[in-house]
Amino acid sequence: MTPFSYHKPASVSEAVSLADASSRFIAGGTNLVDLMKENVVRPNRLIDISGLGLNGIKATSNGGVLIGALVSNADLAWDPIIQQHYPLLSEAILAGASPQLRNMASTGGNLLQRTRCYYFYDTGTPCNKREPGSGCPARTGLNRIHAILGASDACVATHPSDMCVALAALEAVVHVQGPASERKIPFADFHRLPGDAPERDNQLATDELVVAIELPPPVFEHHYRYLKIRDRASYAFALVSVAAALSLDDGVIQQARLALGGVAHKPWRDTVVETMLAGQAPSQALFTQAAHTLLQGAQPLSHNGFKVTLAQRAIVRALSEAVLGVAAGGTTP
Amino acid sequence: MSATAPEGVVEHPIRLTLNGQPRSLQVPPWTTLLDLLREQLDLVGTKKGCDHGQCGACTVLRDGKRINACLTLAVMCDGAELVTIEGLASDGELHPVQRAFIRHDAFQCGYCTPGQICSAVGLVYEGHADTREAIREQMSGNLCRCGAYGNIVAAVEEAMPLMMDAARRQGGSNS
């Protein structure tokens, strides 16, 4: 690890005042410390935010929930309020990482883990995300795990979070504190597609700190499914994952949410397909049509064409299991 | 492991409870908890496997919760209560999970075993594993290249009620 200085501020404003382009905030450290060991990230200064007290999960006045940025992934997943009212989020979190990592990783840090691939980690190869302008070996190299949607010539890496796919489907709002003011960023706008600036994973400025994640009032307590397809039964990144949530009334879909993981530079939510599902009676034909529509713009690489079919089938299965409800679809495979 | 502190970079004082003993230490900010334990405190029971949080060999308990020591900066453990494999036995008696691992032959080469055992203790504390399937899933952060998984699950399954009994005895009349 390249040496750095360490600071532990006592307040959010002090933390933000210490931040600049050469510093990094650290909470759980599960991704950042690993990247620092590999010299992929070499901050001059670490700002330890673990003492800032952003640890609560509390009800908001409009019937939603405000999750402090430092709540651990494990505490969030097992929280009784989250389990009862936002079970999609619990299911997604528990599908990710390992128990050890979930005990360490924070809610805010989960959002800020890097979109990445093995070339990004390997400092012996070029990578536009690590060194802008150096090139992308993944496009013509090993790209089985890479993006099929929304990628660019510059970058085909995927965002590996499971939690964030559920947060995208649930329309979370990210509360961010900067030096001058706080702002709220809708989840769909928080992460970026790579475009020609893949070094930037999200919209945060270097001196902005995620302080909380807000969930709107619960809608999808009964008909939901987080389906994760991976190379082994547990503790692996998604090849494809699907967060599906439905509200049903009298056999008709009132609202639908559909987001995918493992396919793009950010959690991939498709509101056009969601609109297509609303007002319809659930059926295999409808879900198949939705799956085909969502993947219409897919641009697979040389090794990951299988992801298109896999994603289509996973969408149909996740939606079908969401319709069946908690009893049928509520456990992680 | 850790480099020498360059000029202008200070070592930081930390206080922690390690296997029941209070410790005051000076650490450079880039020293991981794993390197602190193994290289400075001679507690080599905690193993360095992948050093990337993928294998679980470095699992220790921080404030009762299992973590990967390889991805934890020691400086961020100020005030923490840490338990490593060396701290599980008490009064010369092995911990119920340690006894169960021996009884079930839950290891071959033994390299992953300290991490497996600390992880299993954390799993029981967490209290979410109520089936064999759940134990398998919640031990997935610990790899065993010898493939002793079947016996590991059996050992954890057996130790779980014993640990709970022991906790109840220590907790007195709390029913």
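Hi everyone. Let me start with a convention: when the angle between two helix axes is over 145 degrees, the pair counts as roughly antiparallel. Keep that in mind, and remember throughout that this is a predicted model.

Our opening example is in chain B. Helix H2, residues 96-103, packs against helix H5, residues 149-170, at an angle of about 155 degrees. H2(B) and H5(B) are therefore roughly antiparallel to each other. Their axes are 8 Å apart, and the crossing is right-handed. If you want to find the contact on screen, look on H2(B) for B:Pro96, B:Val97, B:Ala100 and B:Phe101. Facing them from H5(B) are B:Ala155, B:Glu158, B:Ala159, B:Leu162, B:Met163 and B:Ala166. Sorted by class, that contact between H2(B) and H5(B) has 9 nonpolar residues, 1 charged residue and no polar ones.

Now, H2(B) has another partner, H3(B). How do these two helices cross? The axes of H2(B) and H3(B) come within 9 Å, at roughly 130 degrees. H2(B) and H3(B) are therefore described as oblique to each other, and H2(B) passes H3(B) in a right-handed crossing. On the H2(B) side we have B:Val97, B:Gln98 and B:Phe101, and they meet B:Thr113, B:Ile117, B:Ala120 and B:Val121 of H3(B). That contact divides into 5 nonpolar and 2 polar residues, with no charged ones. Do look at B:Val97 and B:Phe101: both are listed in the contact with H5(B), and both are listed again in the contact with H3(B).

Let's zoom out to the whole of chain B. The domain assignment gives domain 1 as 12-87 and domain 2 as 96-167. The C-alpha centres of these two domains of chain B lie 21 Å apart. Where they touch, 15 residues of domain 1 of chain B are in contact with 13 residues of domain 2. On the domain 1 side, the elements giving two or more residues are strand E3 (59-62) and strand E4 (65-68) of chain B. E3(B) has the largest share there, 3 residues. By class, this side of domain 1 has 6 nonpolar, 6 polar and 3 charged residues.

What about the other chain? Here, 28 residues of chain B are in contact with 22 residues of chain A. E4, helix H3 (113-126) and helix H4 (132-138) of chain B each give two or more residues to that side, and the largest share, 4 residues, comes from E4(B). The chain B side divides into 12 nonpolar, 12 polar and 4 charged residues. So a familiar face returns: E4(B) is one of the elements on the domain 1 side, and E4(B) also takes part in the contact with chain A.

Over to chain A, then, and helix H5, residues 87-94. Is this helix buried or exposed? 8 of the 8 residues of H5(A) are buried, so it is largely enclosed by the rest of the structure. Among them are A:Pro87, A:Ser90, A:Glu91 and A:Leu94. What covers these buried residues includes helices H3, H4, H6 and H9 of chain A, along with strands E9 and E10 of chain A.

One last stop: A:Gly141, in the loop between helix H8 (118-121) and H9 of chain A. A:Gly141 is partly exposed, with 15 other C-beta atoms within 10 Å. The C-alpha atoms of A:Gly141 and A:Tyr119 are separated by 9.5 Å, with their positions 22 residues apart along the chain.

Thanks for listening!

How values were computed
Residues are numbered from 1 along each chain as its sequence is written. Chains are lettered from A and ligands numbered from 1 in the order in which they are written. This is a predicted model: local features need pLDDT of at least 70, side-chain atom pairs count only at pLDDT 80 or more; totals for chains, interfaces and linings use all residues. Axes are lines fitted to C-alpha atoms, for helices over the stretch in contact, and angles run from 0 to 180 degrees between N-to-C directions. Angles under 35 degrees count as roughly parallel, over 145 as roughly antiparallel, 65 to 115 as roughly perpendicular and the rest as oblique. A crossing is left-handed if the near helix is turned anticlockwise from the far one by less than a right angle, and right-handed if clockwise. Two residues are in contact if their C-beta atoms, placed from the backbone, lie within 7 Å. Ala, Val, Leu, Ile, Met, Phe, Trp, Tyr, Cys and Pro count as nonpolar, Asp, Glu, Lys and Arg as charged, and the others, Gly among them, as polar. Domain bounds come from an automatic or database domain assignment. A residue is buried if 20 or more other C-beta atoms lie within 10 Å of its own, exposed if 12 or fewer, and partly exposed in between; C-beta atoms are placed from the backbone.
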